[in-house]
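Student: Could we go through this structure together, starting with the ligand site?
Tutor: Gladly, here it is.

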Amino acid sequence: YHMKVEAEAVQTLLNCRDDHNIKDFDQFHFSPRNVPYRHMPCYILKMFDELGFIRYYRIKRTTLARFILFVKKGYRDAPYHNWIHAFSVAHFGYLMIKNFNLVKDGYMTQLHALVFLVSCLCHDIDHRGTNNSFQTKCGTVLASLYSSEGSVMERHHLAQSMCILNTDGCNIFEGLTSEEYSEALDILRNNILSTDLASHFRAAENQREMIDQGYDKNDPKHQKLLHAMLMTCCDLSDQTKHWRITKKTAEQIYDEFFSQGDLEKSMGTAPIEMMDRERASIPDLQVQFITNLVLPLFSNLAALFPAAQILVDVIMKNREIWKMAKNVFQTYSETGVKCMDILL
Ligand SMILES: COc1ccc(Cl)c(-c2nnc3c(C)nc4ccc(C(=O)NCC(C)C)cc4n23)c1
Ligand SMILES: [Mg+2]
Ligand SMILES: [Zn+2]
């Protein structure tokens, strides 16, 4: 099927002024989820502009506007894996490029940074609110296409992104030389595939070693490990925000997980505990997720970029609140009340 994006929507986006320029948009404490939904495409355009990508790579504004609207249209209305998630992931990518001076300090070339931002925006396109093991377990079309290589959903997100780039008037990379173009697609592929948490677990040890040895800006292996690490940081960036955001994100994620669990039950298979609304204890699961994944990841980031230490502090604070919630949940669950709005 062919997604259509009306010409007037492109025009409206092009005319958008950032007169709604929000305070602290380029600060780590800013939550992109507070940007009005209808202004999100405009802020994506603003980020590309501000980072100098439009000038540097002679990207036609109409092409970028159409690309952004196609990507937005490519997201479904899942509780968590929707356009707002994509916007917030891209915003964190913008924050890191800007606040860690990734290009200025030579961690990335300008091309790598452009592709990194595009990867963030596209990394979950056409997500259905179900995870990789669901695709394989239920033998979905996507599993038949990609399960032999693994990272089923991520390969689909990549394929959808390529499809949009190949759509008339949407190829924002058309101004690149042919070798820049093939490098861009190679980095886009690695970045999107690296958002599969399973591949993050495989790479996490190497990321740690890379940082202990000292990051070598000219080592292609280090560059690839850094991109993968930064992609996962963006994907999990809700964890670095105020508790209200962290709590809201958890509600959306477990809304998705529990719906998948319900679906699996209706298909006669037993869901894993994290997806079973009868068994899952959200505070416990979140304490584990933060301890085993989020904290090690952002501690690695802070080892490389000391400015990220404030993010580690916020994550630890949020974990403390989940730990308190565990006790609150315990007492309430004895009395049968088991819901998220117990939490402050
Ligand atoms: C980076 O890629 C992804 C893909 C999908 C999701 Cl939902 C997330 C994600 N983003 N925020 C969260 C939070 C707050 N909690 C989570 C709890 C569990 C899991 C999960 O998939 N656990 C199984 C795995 C460890 C084998 C993911 C969670 N998550 C990240
Ligand atoms: Mg994903
Ligand atoms: Zn994501």
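Tutor: First, a term: on a 1 Å grid over the protein atoms alone, a pocket is an open set of points with protein on both sides within 12 Å along at least five of seven lines, whereas a cavity is a set where a 1.4 Å probe fits but cannot get out; lining residues have an atom within 4 Å of a point. A molecule sits in one of these if more than half of its atoms lie within 2 Å of its grid points. This is a predicted model, where local features need pLDDT of at least 70, side-chain atom pairs count only at pLDDT 80 or more, and totals for chains, interfaces and linings use all residues. Residues are numbered from 1 along each chain as its sequence is written, chains are lettered from A and ligands numbered from 1 in the order in which they are written, and side-chain values use heavy atoms, with hydrogens and water left out.

Student: Which pocket does ligand 1 take up?
Tutor: Look at the space taken by ligand 1 and how it ranks among the pockets. That space is the largest pocket.

Student: Which side chain has an N or O atom 3.2 Å from a nitrogen atom of ligand 1?
Tutor: Polar contacts are pairs of N or O atoms within 3.5 Å; within protein, one must be able to donate a hydrogen and the other to accept it, and residues adjacent in sequence count only if both atoms are side-chain atoms. An oxygen atom of ligand 1 is 3.2 Å from a polar backbone atom of Thr195, and a ligand oxygen is 3.4 Å from a polar side-chain atom of Asp235. The nitrogen atom is paired with the side chain of Gln286.

Student: Which helix gives the largest share of the shell around ligand 1?
Tutor: Helices are DSSP runs (H or I, at least four residues; strands are E, at least two), numbered from the N terminus. Those giving two or more residues to the shell are H11 (197-213), H13 (243-266) and H14 (282-304). The largest share, three residues, comes from H13.

Student: Is Leu102 buried or exposed?
Tutor: Leu102 is in the loop between helix H5 (83-99) and helix H6 (110-122). Buried means under 20% relative accessible area, exposed over 50% and partly exposed in between (1.4 Å probe, protein chains only). Because its relative accessibility is 0%, Leu102 counts as buried.

Student: Why does Ser178 count as exposed?
Tutor: Ser178 is found in helix H10 (residues 178-193). Ser178 counts as exposed because its relative accessibility is 64%.
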